[in-house]
Amino acid sequence: MNTTVSEAPVSTWQARRWPQEREARIPAWIYSDPLLFQREMEVFHHGPTWNFVGLECEVPAAGAYKRSWVGTKSVLMVRDEEGGIQVLENRCAHRGAPICWENKGVVKDFTCPYHHWNYDLCGNLQGLPFLRGAMGKGGMPRDFRKDQHGLRRLRVATRRGLVWATFGDATPDLESYMGEEILALLDRTLGSGRLRLLGYNRQLLPCNWKLYLENSRDPYHATLLHSFFLTFGLLRTDTAFRAVPTLGGRHAIMASTYSAATAGTQNEVTKQLASLKTDFVLQDMDVVKPVDEFGDSSMINFSVLPSVFFQQHGNSLAIRHIIPKSESSTELSWTHYGFAEDDPAMHERRIKQANLMGPAGYVAVDDSEVLAQMQPVAESAPDSVQVVEMGGRDVAAQETMVTEALIRGFYAYYREKMGL
Amino acid sequence: MSQWHRAASLDEMQEGEPLAMQVGEVALAVYKLGCEAHAIGDLCPHQKDVKLSDGFVDGDVVECPMHQSCFDIRTGKVMGPPAREDVPSYPVKIEDGVVYVEV
């Protein structure tokens, strides 16, 4: 049978079907199909969702900017002259070059490196070379209107020192998108909103973005993959734990209570599970001795769709930004923060405990390593199927770490939005 | 120490056609407005290597050819972004129909 160019086949993913046992199975082709990836960007990142962009304290002065990402689109978070925050797509209205090639700075306006089209801090086109021609020749047509050719502006919401943005016109307000439980946790973890930037880590994960998202909603692996937790008593099987999917699986909460008195020691069960030699010692035990700064003896981590994970690990607070690059590549960008009110001891504590996190963190390194190993296997077997039945086959909240309910919840939401 | 420099005879000048001059380090341009002449700095404060005198003159306003920042020819005052600074204004005298600029 001959096929000509005009008979282009239907996109592969649209011809595929989710496995029969929908709720507790994940097909591997979702990690490797490039056209599916594009569709996910439209639905989850460039669509009616609120996306983390940065912290207000990263752009303190008028004209300060920081480059960030919403999905695969480069954006600029800018402090304008009235003190507001703008988020602009980093793409010249002329030919589509990125107008800004630096990660951060302070400017009076933006000039594209290619043809020097110039925009103000709100993305309005202020000027372009030779608008009137040169030496009587050339120039733009008389009816060319600068006000029709500005940068694309995203809708912005700020709350407690964080900046969110959306490309979608129909995106509901931030509060509705987050829902009550996540909103309460955002307010808890951001406190006064007077955030203090501690530093960044960045890493490129050679895997699909959803593998990281799943990992961040998978309490089951915590005591198994992360030997460090067991050896140093950070996770104990006698802690109370809640795994809660919200808004039909859109977001997810993992909340545990711990005792600062017992942190750093192992109970008997934990000792049995530890897979490393127990004669490992840390030179500085402060790294594993948190202070109960929120006053509720809780460690609460939560995942906000599509692209951000809020980390509370002892006193190491960080925002992990999941930035998809392609179906097989994802940037993970960490912003470590504290509060303006932190005393020197707390500041020091946060910095030390951050050694567990980041690309080479004692704990976090395990995640990126295992996901990097998984991606080529998923690509080699696109028709294979993953089984996610730990904790059952439904998506109800559970009071245990040994559950995959949050992953099942995410995919229930995913299938609905993707039409799969 | 400032001095008077000869620019041109007023009759030879045309409205809308500024005369660019270089006096030592200073780049300026002289503009004819009716029977008057005015002189302002010629380098745009926004992007220093661009000459306002290459731009578009509309009455007593000159528009930079790069990003269309406008300046008042009589005073050098900037009238809109992206430029935010004025250009210097130089004293002008006309003697026997000849325009001189003090720099």
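# Strands, contacts and backbone geometry in a predicted two-chain model

Colleague: Which residue in the turn of the hairpin formed by strand 2 and strand 3 of chain B has a positive phi of about 60 degrees?
Modeller: In this predicted model, strand 2 and strand 3 of chain B form a hairpin with two residues between them. Helices (H or I, at least four residues) and strands (E, at least two) are DSSP runs, numbered from the N terminus. Strand 2 (residues 19-23) and strand 3 (residues 26-33) of chain B pair antiparallel over five bridges, where pairing requires that DSSP find at least two bridges between the strands. The turn residue with that phi is B:Gly24.

Colleague: What pLDDT do local features need?
Modeller: Residues are numbered from 1 along each chain as its sequence is written, while chains are lettered from A and ligands numbered from 1 in the order in which they are written. In this predicted model, side-chain atom pairs count only at pLDDT 80 or more, totals for chains, interfaces and linings use all residues, and local features need pLDDT of at least 70.

Colleague: Which element of chain B has the highest mean pLDDT?
Modeller: pLDDT is the predictor's confidence in each residue, from 0 to 100. Chain B has a mean of 95, with 100% of its residues at 70 or more. Among its elements, strand 1 (residues 4-9) is the lowest at 94. The highest, at 98, is strand 7 (residues 70-72) of chain B.

Colleague: What ipTM does the predictor give the complex?
Modeller: Two scores are given for the complex. The pTM is 0.91, and the ipTM is 0.89.

Colleague: How many residues of chain A take part in the contact with chain B?
Modeller: Contact means that two C-beta atoms, placed from the backbone, lie within 7 Å. Chain B contributes nine residues and chain A contributes twelve residues.

Colleague: How many nonpolar residues are on the side of chain B that touches chain A?
Modeller: Ala, Val, Leu, Ile, Met, Phe, Trp, Tyr, Cys and Pro count as nonpolar, Asp, Glu, Lys and Arg as charged, and the others, Gly among them, as polar. On that side of chain B, three residues are polar, one is charged, and the nonpolar ones number five.

Colleague: Is strand 18 of chain A largely enclosed or open, and how many of its residues are buried?
Modeller: A residue is buried if 20 or more other C-beta atoms lie within 10 Å of its own, exposed if 12 or fewer, and partly exposed in between, with C-beta atoms placed from the backbone. Strand 18 (residues 329-339) of chain A pairs antiparallel with strand 12 over ten bridges and with strand 17 (residues 316-326) over nine. Strand 18 of chain A is largely enclosed by the rest of the structure because its buried residues number eight of the eleven.

Colleague: Which residue stands opposite A:Thr330 in the pairing with strand 17 of chain A?
Modeller: Strand 17 and strand 18 of chain A form a hairpin with two residues between them. A:Thr330 is also the bridge partner of A:Leu205. Opposite A:Thr330 stands A:Pro324.

Colleague: Why does A:Ile322 count as buried?
Modeller: A:Ile322 is in strand 17 of chain A. Its contacts, leaving out residues up to four places away in sequence, include A:Trp209, A:Tyr212, A:Thr330 and A:Leu332. A:Ile322 counts as buried because its C-beta neighbours inside 10 Å number 23.

Colleague: How far apart are the end C-alpha atoms of helix 8 of chain A?
Modeller: The buried residues of helix 8 (residues 364-380) of chain A pack against strand 12 (195-205) and helix 3 (209-215) of chain A. The expected span is 1.5 Å times one less than the number of residues. For the 17 residues of helix 8 this gives 24 Å, which agrees with the end-to-end distance of 26 Å.

Colleague: Which residue follows B:Pro81 across a cis peptide bond?
Modeller: The bond has omega near 5 degrees. The residue that follows is in the loop between strand 7 and strand 8 (89-90) of chain B. That residue is B:Pro82.

Colleague: Is B:Gln68 buried or exposed?
Modeller: B:Gln68 is in the loop between strand 6 (61-63) and strand 7 of chain B. Its phi is near 65 degrees, a positive value in a residue other than glycine. With 21 C-beta neighbours inside 10 Å, B:Gln68 counts as buried.
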